[in-house]
Amino acid sequence: MNITIKRSKREVSRAAADHIAALVRKKPDAVLGLATGFTPLETYRELIRKHSEGLDFSHIVTFNLDEYIGYGMDLSLPYSKDQSYARFMHEEFFRHINIHRSNIHIPNGQADDPEEECLRYERRIRKAGGIDLQLLGIGRTGHWAFNEPGTPLDSRTHIQTLSETTLDDNHRLFFYKSGLEREMMPKRSITMGVGTILEARSLLMIATGKRKASVTAAALEGEISSLVTASAIRLFKGPATVLLDRGAASALQKQ
Ligand code: PGA
């Protein structure tokens with residue numbers, strides 16, 4: 001695991017975008033695992049800028065980490081305007097680059113049978129040959145994707161009930177430009193499991209801001225435990241890059 005501490009969120013986002021762009025150039029048909037959240041927004045903006053300078057996503061395949069149950073969509077249908085992570089990804093990234101819609105994968109939170117959707121998602125990842133690089137944030141509960149405390153570190157894509165902390169943190173993102181209230185938040189999601197994430201060929205984890213300091217230290221230096229699912233990064237066998245700004249790194253023992 002390679003941990004780099006940058007001076008600012010901007011620098012973290014630039015370095016993350018450089019890391020992803022290097023793979024896109026080296027392997028134009030790479031399979032990218034993507035994340036939603038406030039943290040990766042600037043990374044996506046930086047990748048959009050690189051695309052405007054010629055970075056080609058036309059053969060890139062993507063798999064997002066998670067989606068709210070009751071939201072999301074079958075991506076072969078016309079784009080919907082709900083408050084889903086599908087919409088977030090479309091508005092903040094996909095519509096600005098030359099990715100093919102058929103190459104985009106996000107769990108469908110509106111599937112008739114969410115359990116079957118979890119299995120289908122795992123099959124799709126396998127069929128695509130696995131994920132070359134998985135981008136990850138970390139939630140204040142220590143979660144990777146929506147793998148809340150107590151989720152086994154060998155879990156597969158599953159239905160996950162969200163903690164109150166996560167609902168508090170995510171409602172601005174969920175109600176993204178809609179002004180709706182926290183009480184309206186969906187409480188369940190479909191998320192890749194920790195075990196699914198650990199099968200990627202490489203990981204890129206980013207965290208910024210002081211509010212992530214204690215959980216980042218717990219993940220990187222505390223006990224490896226299902227109580228902090230991001231601590232599973234230390235079980236990962238392949239290359240793992242961690243990019244932190246000074247705030248997120250401020251509680252680490254080793255700086
Ligand atoms: P955030 O979410 O980027 O909005 O802080 C991170 C996460 O939940 O993984």
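**Talking through a predicted model**

Trainee: Let's start with I106. Where is the place of this residue?
Mentor: Keep in mind that this is a predicted model. You won't find I106 by scanning the helices or strands; follow the chain to a loop. The place of I106 is in the loop between β5 and α4.

Trainee: Is I106 buried or exposed, and what is its relative accessible area?
Mentor: Look at what it touches beyond its sequence neighbours: among the contacts of I106 are N64, D66, E67, L75, Y85 and A86. M89, F94, E117 and Y121 are on that list too. Buried means under 20% relative accessible area, and I106 is buried, with a value of 5%.

Trainee: How far apart are the C-alpha atoms of I106 and D74?
Mentor: Along the chain, I106 and D74 are 32 residues apart. In space, the separation between their C-alpha atoms is 8.6 Å.

Trainee: N64 turned up among the contacts of I106. Which strand is N64 found in, and what is its relative accessible area?
Mentor: Leaving out neighbours within four places in sequence, N64 is in contact with residues including L34, A35, T36, H105, I106 and P107. M89, F94, Y121 and M192 are in contact with N64 as well. N64 is found in strand β3, and N64 is buried, at 0%.

Trainee: Which residues of β3 are buried on each side?
Mentor: Both faces of β3 are covered. V61 and F63 are on one side. On the other side, the buried pair is T62 and N64.

Trainee: β2 is joined to β3 by bridges. Which residues in β3 stand opposite L32 and G33?
Mentor: β2 covers residues 31-34, with V31 and G33 pointing one way, L32 and L34 the other, and all of them buried. β2 and β3 run parallel, and four bridges join them. Across from L32 you find T62, and across from G33 it's F63.

Trainee: What is the order of the strands in the sheet of seven, and which ones stand at the edges?
Mentor: It's an open sheet with parallel pairing, in the order β1-β10-β9-β6-β2-β3-β5. Two strands there have a single partner strand each, so one side of each is left without a neighbour in the sheet. Those edge strands are β1 (2-6) and β5 (104-105).

Trainee: How many bridges join β9 to β10?
Mentor: β9 spans residues 203-207, β10 spans residues 240-245, and the two run parallel. For a landmark, M205 stands opposite V242 in β10. The number of bridges joining β9 to β10 is five.

Trainee: And the sheet of three strands: what is its order, and what does its twist average?
Mentor: This one is open with antiparallel pairing, in the order β4-β8-β7. β4 (66-68) and β7 (158-161) are the edge strands, each pairing on one side only. From one strand to the next, the twist averages 30°.

Trainee: Which residue in β8 stands opposite E67?
Mentor: β4 is joined to β8 (residues 188-191) by three bridges, and the two run antiparallel. In that pairing, E67 stands opposite I190.

Trainee: α4 lies across strands. At about what angle does it run to β3, and to β7?
Mentor: α4 covers residues 114-127 and lies across β3 (61-64) and β5, at about 150° to β3. α4 also lies across β7 and β8. To β7 the angle is about 125°.

Trainee: What do the buried residues of α5 pack against?
Mentor: α5 is the helix at residues 164-174, and its buried residues are T166, L167, D169, N170, L173 and F174. They pack against β4 and α3 (85-92).

Trainee: How far is A217 from A251, C-alpha to C-alpha?
Mentor: A217 lies in helix α7 (residues 213-221) and is buried, at 12% relative accessible area. Not counting residues up to four places away, A217 touches G222, A251 and L252. A217 and A251 are 34 residues apart in sequence, yet their C-alpha distance is 5.8 Å.

Trainee: Last one: how much of the ligand's exposed area does the protein bury?
Mentor: The ligand is surrounded by G37, F38, T39, G137, I138, G139, H143 and K212. Ligand oxygen atoms lie 2.7 Å from a polar side-chain atom of H143 and 2.6 Å from a side-chain N or O atom of K212. Taken alone the ligand exposes 280 Å², and the share buried by the protein is 87%.

Terms used. Residues are numbered from 1 along each chain as its sequence is written. This is a predicted model: local features need pLDDT of at least 70, side-chain atom pairs count only at pLDDT 80 or more; totals for chains, interfaces and linings use all residues. Side-chain values use heavy atoms; hydrogens and water are left out. Two strands pair if DSSP finds at least two bridges between them. Contact means heavy atoms within 4.5 Å. Axes are lines fitted to C-alpha atoms, for helices over the stretch in contact, and angles run from 0 to 180 degrees between N-to-C directions. A residue is near a molecule or strand if one of its heavy atoms lies within 4 Å of it. A polar contact is a pair of N or O atoms within 3.5 Å; within protein, one must be able to donate a hydrogen and the other to accept it, and residues adjacent in sequence count only if both atoms are side-chain atoms. Accessible areas come from the Shrake-Rupley method with a 1.4 Å probe; for residues, only the protein chains shown count as cover. Buried means under 20% relative accessible area, exposed over 50%, partly exposed in between (1.4 Å probe, protein chains only).
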